[in-house]
Amino acid sequence: MRYISTRGHAPARDFAGVLLSGLAEDGGLFMPETWPHFSAADWRAMRGLSYADLAARVMAPFVGESIPFAKLSEICREAYAGFGHPAVAPLAQLETHLFAQELFHGPTLAFKDMAMQVLGRLFDHVLTERNTRVTIVGATSGDTGSAAIEACANRDRIDIVILHPHERTSMVQRRQMTTVLAPNVGNVAIEGTFDDCQDIVKALFADTAFRTETGLSAVNSINWARIAAQIPYYVAAALALGAPDREIAFSVPTGNFGNILAAWAARRMGLPVARLIVGSNRNDILARFFEKNDMSMAPVEPSLSPSMDIQVSSNFERLLFELLERDPVATAAAMRGFRETGRMTVPDATWHRVRGVFHGFRLDDPGTAAEIRRLYETSGYLADPHTAIGIAAARAHMPGHGVPVVAMATAHPAKFPDAIEAAVGIRPALPARMADLFERPERFVVLPNDLAAVQANVRALVGRNAG
Ligand SMILES: *Cc1c(COP(=O)(O)O)cnc(C)c1O
């Protein structure tokens with residue numbers, strides 16, 4: 001399998017190349033050159049597999065020749081062995097035709113673990129083959145950093161340094177990062193804001209000498225390997241509910257468009273997905289696009305669902321590329337126009353085709369709290385704010401005709417105890433395996449908002465582990 005850039009000016013890569021490079025050199029995103037296709041018989045043959053074995057089967061055509069199938073299977077088994085539920089991504093039934101798929105049983109209690117746990121191991125394998133190392137750096141306002149740290153801790157070929165704004169993350173978020181004491185993990189609290197942290201990371205990448213010396217890399221949400229590792233749970237849910245002999249719909253609380261793009265990919269691969277429902281909070285650029293072909297930027301406003309407080313959804317470019325019939329010139333022009341004017345529309349006929357599959361939905365904070373309460377009162381189910389938006393979106397756009405809708409439950413309620421307590425008066429407990437999070441020792445350094453100080457810190461970590 002080869003990968004091409006959505007903007008048409010980068011050399012094609014194999015899976016390993018795409019994994020290590022993330023973004024294409026022309027600023028575009030990598031897409032598979034052709035979509036793998038599974039027949040109805042192929043899907044049926046996957047029924048009854050364990051989650052890890054299913055994941056390896058579904059990812060195999062994307063991985064191609066880069067990694068032998070036996071190794072990929074081993075990676076998937078290891079990745080999901082540490083999850084807190086034997087089904088890995090279990091379904092909870094909320095109504096006759098409405099289900100929640102729980103993607104939060106990984107080490108950091110949010111759906112990013114589903115892909116990141118695989119990604120860390122894929123990195124390690126490819127780096128061992130190439131006899132090289134990388135240093136992953138990133139900035140986090142909370143959740144992404146912990147998923148990346150959990151994915152990379154104790155990997156032989158990776159060092160990881162995550163910057164967070166000092167005393168500006170929640171206690172749970174900070175401790176999920178700083179209590180990982182592996183020797184290849186560095187946590188840096190910057191005396192500044194999240195934007196300061198991001199600026200430092202950008203400056204680290206812009207310093208070519210430093211970048212080469214330390215082998216800098218990122219594991220951000222535009223990496224195709226993350227999308228590939230998110231397709232299997234859509235397949236697992238669909239098979240459990242009767243696919244390929246029954247249609248299914250998915251509802252996804254959406255930020256960077258990575259999660260729902262994986263659902264779109266499953267559909268392109270032949271899974272009978274009748275409808276995709278996109279849930280947004282008050283930052284509703286996607287909902288406006290799907291409602292009225294209006295993709296126009298607005299300032300980001302904080303909400304109860306912070307992982308969806310995003311205006312420019314980076315993975316949307318991949319859908320755009322597909323909608324524009326894989327024309328890289330048209331895709332590059334549309335993205336350039338969007339950056340320059342803050343606005344994008346697609347041709348009418350294209351938009352009507354999109355509307356045949358996608359439905360947008362928005363819910364503000366009071367609506368989200370009301371949905372958390374309604375769910376708890378009707379079914380006893382505790383949903384975090386992100387999940388509640390996905391479920392409300394599903395209820396608003398049920399396809400009917402007996403087609404079941406599966407809403408993605410993207411975070412454990414205990415990650416957002418204040419919002420849950422405000423809505424239903426209960427403070428959800430952390431799962432037993434994490435109950436001692438507040439007693440575990442922490443390790444992090446506090447540094448001034450200063451590039452040279454961070455560079456020295458990264459160099460020291462890399463030097464210690466280079467051995
Ligand atoms: C990251 C995240 C999302 C958004 O997922 P995207 O792939 O960015 O669309 C939704 N909910 C939670 C809890 C998340 O952590």
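# A quick tour: one ligand, two sheets

An oxygen atom of the ligand sits 2.6 Å from a polar backbone atom of N256, and that's a handy place to start looking around. Keep in mind that this is a predicted model. Beyond the ligand, there are two open sheets to get to know: one has five strands with parallel pairing, and the other has six strands with mixed pairing.

**Around the ligand**

- The ligand has 13 residues around it, and the ones that come nearest are K112, G255, N256, N259 and T410.
- G255 joins in with its backbone too: one of its polar backbone atoms is 2.8 Å from an oxygen atom of the ligand.
- For F257, a backbone N or O atom lies 3.0 Å from a ligand oxygen atom.
- On its own the ligand has 390 Å² of accessible area, and the protein covers 96% of that.
- Sorted by class, the shell around the ligand is made of eight polar residues, four nonpolar ones and one charged one.

**The five-stranded sheet**

- Read across this open sheet and the strand order is 8-5-6-7-15.
- Strand 8 (216–217) and strand 15 (445–448) are the edge strands, so to speak: each of them pairs on one side only.
- Strand 5 (residues 134–139) and strand 6 (residues 158–165) run parallel, with six bridges joining them.
- If you want a spot to zoom in on, find A139, which stands opposite L163 in strand 6.
- Helix 8 (residues 194–206) packs on this sheet and touches strand 5, strand 6, strand 7 (185–191) and strand 8. The direction of helix 8 makes about 150° with that of strand 5.
- Helix 19 (residues 451–466) packs on the sheet as well, touching strand 5, strand 6, strand 7 and strand 15. Here the helix direction makes about 155° with that of strand 6.

**The six-stranded sheet**

- The order in this open sheet is 3-4-14-9-10-13, and the pairing is mixed.
- Its edge strands are strand 3 (91–95) and strand 13 (358–362), each pairing on one side only.
- From one strand to the next, the twist averages 25°.
- Strand 9 (residues 248–253) pairs with strand 14 (residues 405–409) in the parallel sense, over three bridges.
- Within that pairing, A249 has V405 in strand 14 as its bridge partner.
- Helix 12 (residues 285–292) packs on this sheet, where it touches strand 10 (273–280) and strand 13. Its direction makes about 130° with that of strand 13.

**Two backbone details in loops**

- A243 and P244 are joined by a cis peptide bond, with omega at about 5°. You'll find P244 in the loop between helix 10 (224–240) and strand 9.
- E167 has a positive phi, near 60°, and it is a residue other than glycine. Look for E167 in the loop between strand 6 and helix 7 (171–178).

Conventions. Residues are numbered from 1 along each chain as its sequence is written. This is a predicted model: local features need pLDDT of at least 70, side-chain atom pairs count only at pLDDT 80 or more; totals for chains, interfaces and linings use all residues. Side-chain values use heavy atoms; hydrogens and water are left out. A residue is near a molecule or strand if one of its heavy atoms lies within 4 Å of it. A polar contact is a pair of N or O atoms within 3.5 Å; within protein, one must be able to donate a hydrogen and the other to accept it, and residues adjacent in sequence count only if both atoms are side-chain atoms. Accessible areas come from the Shrake-Rupley method with a 1.4 Å probe; for residues, only the protein chains shown count as cover. Ala, Val, Leu, Ile, Met, Phe, Trp, Tyr, Cys and Pro count as nonpolar, Asp, Glu, Lys and Arg as charged, and the others, Gly among them, as polar. Two strands pair if DSSP finds at least two bridges between them. Helices (H or I, at least four residues) and strands (E, at least two) are DSSP runs, numbered from the N terminus. Contact means heavy atoms within 4.5 Å. Axes are lines fitted to C-alpha atoms, for helices over the stretch in contact, and angles run from 0 to 180 degrees between N-to-C directions.
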